[in-house]
Amino acid sequence: MGIDDILLFDETIFKNIDVFNPDYVPENYLHRESQMEAFAMCLRPALRGGSPINTVVLGSPATGKTTAINKIFSMVEGNSDKVVCVYVNCQLHTTRFNIFSQIYNKIFGHMPPETGVPFSRIYGSIMNYLQSEKKSMVVALDDVSYLFYIKNANKIFYDILRAHEEFKGVRTGIFAILSDIEFRYMLDQNVSSIFIPQEVIFEPYTIQEMFDILNDRTKVGFYPDVISDSLLCQIAEYASSVGDLRIGIDLLRVSGNFAEADASKTIEKKHLLDALQNTDSTSLKSTIETLSTNEKILLKTIIELDADDLIAGDLYKSFSKNTSTSYGSFDRMLNKLEFLRLIDTKFTGKGVKGNSRIIILRFNNEEILKLFEHIRI
Ligand SMILES: Nc1ncnc2c1ncn2[C@@H]1O[C@H](COP(=O)(O)OP(=O)(O)OP(=O)(O)O)[C@@H](O)[C@H]1O
Ligand SMILES: [Mg+2]
């Protein structure tokens with residue numbers, strides 16, 4: 001098929017391509033009944049004039065934690081106006097001010113001014129509101145590990161959980177979400193005096209469960225009979241082997257695109273093979289292209305250092321030779337690279353404040369270097 005044909009070909013196998021987007025919230029949320037029930041039990045007291053039960057939510061990436069929280073929060077909000085449910089992504093909001101601005105926004109429908117308003121006034125408005133309206137509040141801190149990097153967890157937990165000491169009758173709770181089990185002990189170390197949570201565990205999905213979820217997504221996203229069960233099974237097996245449901249969902253979308261480009265009304269094995277080859281490098285390239293110049297330089301520095309145990313402090317030394325960046329911005333950039341799943345970082349428990357991190361590239365060095373040949377810095 002020529003370029004014109006591809007562009008003008010107006011038949012599509014996608015009933016709704018948005019279904020394969022990362023932020024799509026599925027209508028059917030499968031295989032997590034027991035976790036949803038556990039959440040309901042923790043939130044039930046809040047609907048009856050009590051406090052929500054503090055909870056820690058544990059599970060590896062793409063096991064449905066964020067989706068579950070969003071689902072249960074909308075169910076609570078649909079059933080009662082007595083509970084304020086706030087979702088905060090701690091990869092994006094790490095300071096006390098930012099996090100309470102998110103809470104403020106949820107309650108009042110707009111952000112507080114960024115300057116000129118002291119934290120205590122924002123905090124006071126929130127708590128006065130909860131007190132006078134007799135509402136309880138639960139705050140989901142997603143990817144809460146990020147609060148440990150800047151040593152903010154303790155204060156923020158304290159601000160939320162001990163509000164009743166200053167504002168009588170206020171009832172608050174926290175759902176802390178973690179995708180790395182190693183942080184479980186950090187949570188204990190940092191906030192155990194005020195936060196004694198219930199645990200809700202999100203086990204990895206089995207191949208069969210992945211198949212069911214992908215099958216459901218297929219029904220909503222594609223027209224009937226676009227993909228065979230056996231091909232879907234292969235996608236589920238692949239996603240299960242890499243332990244990441246997101247990859248399975250992405251493979252559906254990319255194989256669909258290959259089938260369309262081939263003017264095929266069905267997805268065939270060859271389209272899946274093309275998708276498998278393409279998925280990694282295409283999505284990686286477009287992710288890198290969205291980075292700022294300094295972020296690209298930082299990523300390149302990590303690749304060029306090519307060290308096994310790359311410590312954040314050492315990386316900063318090399319990076320700051322090429323740029324004039326403060327340690328704070330450097331740290332935020334690392335968080336962003338991790339958020340985009342380009343790198344992993346792990347605490348070593350060593351360093352001046354015991355919080356130095358090791359940086360691990362999630363991709364093959366040479367693969368990224370090759371991509372950099374086609375990316376403008
Ligand atoms: N049980 C499920 N049913 C349908 N879709 C699901 C289910 N679990 C996860 N998904 C889908 O898988 C993807 C990842 O889910 P989600 O973002 O909730 O995972 P997570 O556990 O929060 O991951 P991370 O730890 O990386 O933040 C999303 O596209 C979501 O729609
Ligand atoms: Mg999540």
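**Briefing: a three-stranded sheet, helix packing and the shell of ligand 1**

Strands E6, E8 and E7, in that order, make up an open, antiparallel sheet of three strands. The edge strands, each pairing on one side only, are E6 (310–311) and E7 (343–347). This is a predicted model, in which local features need pLDDT of at least 70, side-chain atom pairs count only at pLDDT 80 or more, and totals for chains, interfaces and linings use all residues. Residues are numbered from 1 along each chain as its sequence is written, while chains are lettered from A and ligands numbered from 1 in the order in which they are written.

**The sheet**

- Helices (H or I, at least four residues) and strands (E, at least two) are DSSP runs, numbered from the N terminus.
- Two strands pair if DSSP finds at least two bridges between them.
- E7 and strand E8 (residues 357–361) run antiparallel and are joined by five bridges.
- Opposite Ile359 in E8 stands Thr345.

**Helix H14 and its surroundings**

- Helix H14 (residues 293–305) lies across E6, E7 and E8 and runs at about 85 degrees to E8; axes are lines fitted to C-alpha atoms, for helices over the stretch in contact, and angles run from 0 to 180 degrees between N-to-C directions.
- With helix H15 (residues 312–322), H14 packs at an angle of about 125 degrees, the axes being 10 Å apart.
- H14 is therefore oblique to H15 (under 35 degrees counts as roughly parallel, over 145 as roughly antiparallel, 65 to 115 as roughly perpendicular and the rest as oblique).
- Ile297, Leu298, Thr301, Ile302 and Leu305 in H14 meet Leu315, Ser318, Phe319 and Asn322 in H15, contact requiring C-beta atoms, placed from the backbone, within 7 Å.
- Six nonpolar, three polar and no charged residues make up the contact of H14 with H15; Ala, Val, Leu, Ile, Met, Phe, Trp, Tyr, Cys and Pro count as nonpolar, Asp, Glu, Lys and Arg as charged, and the others, Gly among them, as polar.

**Helices H11 and H12**

- Helix H11 (residues 229–242) and H12 have axes that come within 7 Å and cross at roughly 145 degrees.
- In H11, Ile235, Ala236, Tyr238, Ala239 and Val242 meet Leu245, Ile247, Gly248, Leu251 and Leu252 in H12.
- Nine nonpolar residues, one polar and no charged form the contact of H11 with H12.

**The shell around ligand 1**

- Ligand 1 is surrounded by 20 residues, the closest being Pro61, Gly64, Thr66, Thr67 and Ser179 (C-beta atom, placed from the backbone, within 6 Å).
- At least two residues of this shell come from each of helix H3 (65–79) and helix H12 (245–261).
- The shell around ligand 1 comprises 10 nonpolar, seven polar and three charged residues.

Conventions
Contact = placed C-beta atoms within 7 Å.
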